[in-house]
Amino acid sequence: MPLRFVIIGGGPAGNTAATWAARLGADVTMVERDIVGGAAHLWDCIPSKTMIATGGAMSFTRRIAGMGLEGVRAEVDMSGLKDRVEGIVTKLNTSIGQLLQSQHVRMIRGAARLEGPHRVVVETSTGEEEMVADAVLVASGSRPRIPDWCAPDGERILTTRQCYPPPTLPEHLVVIGSGVTGVEFVHMFSTLGSKVSLLVSRQQVLPSKDAEVAAALEEDFLRRGVSLLKGARAVAIERGEHEVRVHCEDGRLVAGSHALLAIGSVPNTEDLGLAAAGVEVDGGGYIPISQHCQSNVGHIYAAGDVSGKLPLSSVAAMQGRKVAEHVMGLHTLVHRHLDYDKAASAIFTEPEIADVGLAEADAFATGLRSA
Ligand SMILES: Cc1cc2nc3c(=O)[nH]c(=O)nc-3n(C[C@H](O)[C@H](O)[C@H](O)COP(=O)(O)OP(=O)(O)OC[C@H]3O[C@@H](n4cnc5c(N)ncnc54)[C@H](O)[C@@H]3O)c2cc1C
């Protein structure tokens, strides 16, 4: 009998594991609650890049004077932008579904949970279905973090997922959070024509990146009129009829037409029955994994954002592939281990930022580089 492999979550981690394991001969069932292709992937990553591309085109038209072209002007068409985002997401969702089908992966729409180390129960629209699994992959992804001092309303107080595009183009957007997501949203909305204020809780944007790189980005933001508020930690948001007011810990008050929360994500691990299966999570709700993406229960794997490694679609997909190979008894040797320190990442701003490997400051700190 082929190995019965059940995958919870159909994002980059889950769907890559599904197609690879099916190709290698496993009997694969993939359960997805929201959207095949992944909620973080298709409701955040892809739409954000789509809107950044539109902003990039707007920005280009502003620089076009002097190139021998006259009368080039662009205005944002919110409904056209919405159609474009939806079109791209639908195309990806359909093609991923077709790929899974072509590999004979069984797909179930519903919410899955573990009811023991080998038992998966799925709540579907027509009732519950139970399955026995020889191996399980938890690839349930993550969602935007919402602090207890704020209630997004989808109108003026927004999470990233409510921005593709928002109901109206913000006249003045206050972005809370200056990590990768925060700076990409500053770039996105300022190129689309919004005034933007950025709350930077520390003294530089991108606190985990190289200081020189962060300074170049700050310079670009200032050049195009973005207000940078350093050392500004948001602690409350008030909503009026036409404006929002963001209160900071040090008493500063920033008013705008809209506020955006870009303060990270939380793993979707609460309702999965992990305790019933004996799977441990850490203090943040992430599932610690071995080099083979195994949890503390050997046949239950975790990949993608729930694993607490680099939260990137590319990393999730590579982990999914590795899980499929390990489940099928391949690549168990040390030299096949994933090395997260060598994963490349990109930040879609102007200038674009890309990095791979150790940051220069970390190389000095660990003695790998000297002056
Ligand atoms: C604003 C933003 C921009 C980003 N930009 C980039 C980028 O440029 N490049 C990049 O590489 N990464 C980017 N990322 C990160 C990337 O989107 C994630 O790292 C990636 O989607 C993680 O894949 P995943 O499979 O773990 O999770 P997901 O894509 O979220 O898929 C997990 C799936 O599991 C499902 N699920 C959850 N619970 C259950 C359950 N109980 N039963 C069944 N299904 C369940 C969910 O519905 C979801 O569809 C971005 C993220 C954000 C928020």
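**Exercise 1. Find which element gives the largest share of the shell around the ligand, then describe that shell.**

Step 1. The largest share comes from α2, with 7 residues. Helices here are DSSP runs of H or I with at least four residues, strands are E runs of at least two, and both are numbered from the N terminus.

Step 2. This is a predicted model: local features need pLDDT of at least 70, side-chain atom pairs count only at pLDDT 80 or more, and totals for chains, interfaces and linings use all residues. Residues are numbered from 1 along each chain as its sequence is written.

Step 3. Of the 38 residues around the ligand, Gly-9, Gly-11, Gly-38, Gly-141 and Gly-304 come nearest. A residue is near if its C-beta atom, placed from the backbone, lies within 6 Å. Elements giving two or more residues to the shell are α1 (12-23), β2 (27-32), α2 (39-62), β4 (111-114) and α6 (313-327).

**Exercise 2. State how the protein chain is divided into domains, then describe the contact.**

Step 1. Domain 1 covers 4-144 + 266-338, and domain 2 covers 157-263. The bounds come from an automatic or database domain assignment.

Step 2. The contact takes 17 residues from domain 1 and 13 residues from domain 2. Two residues are in contact if their C-beta atoms, placed from the backbone, lie within 7 Å.

Step 3. On the side of domain 1 that touches domain 2, α2 and α3 (78-102) each supply at least two residues. The largest share of that side, 11 residues, comes from α2.

Step 4. The centres of domain 1 and domain 2, taken over C-alpha atoms, are 28 Å apart.
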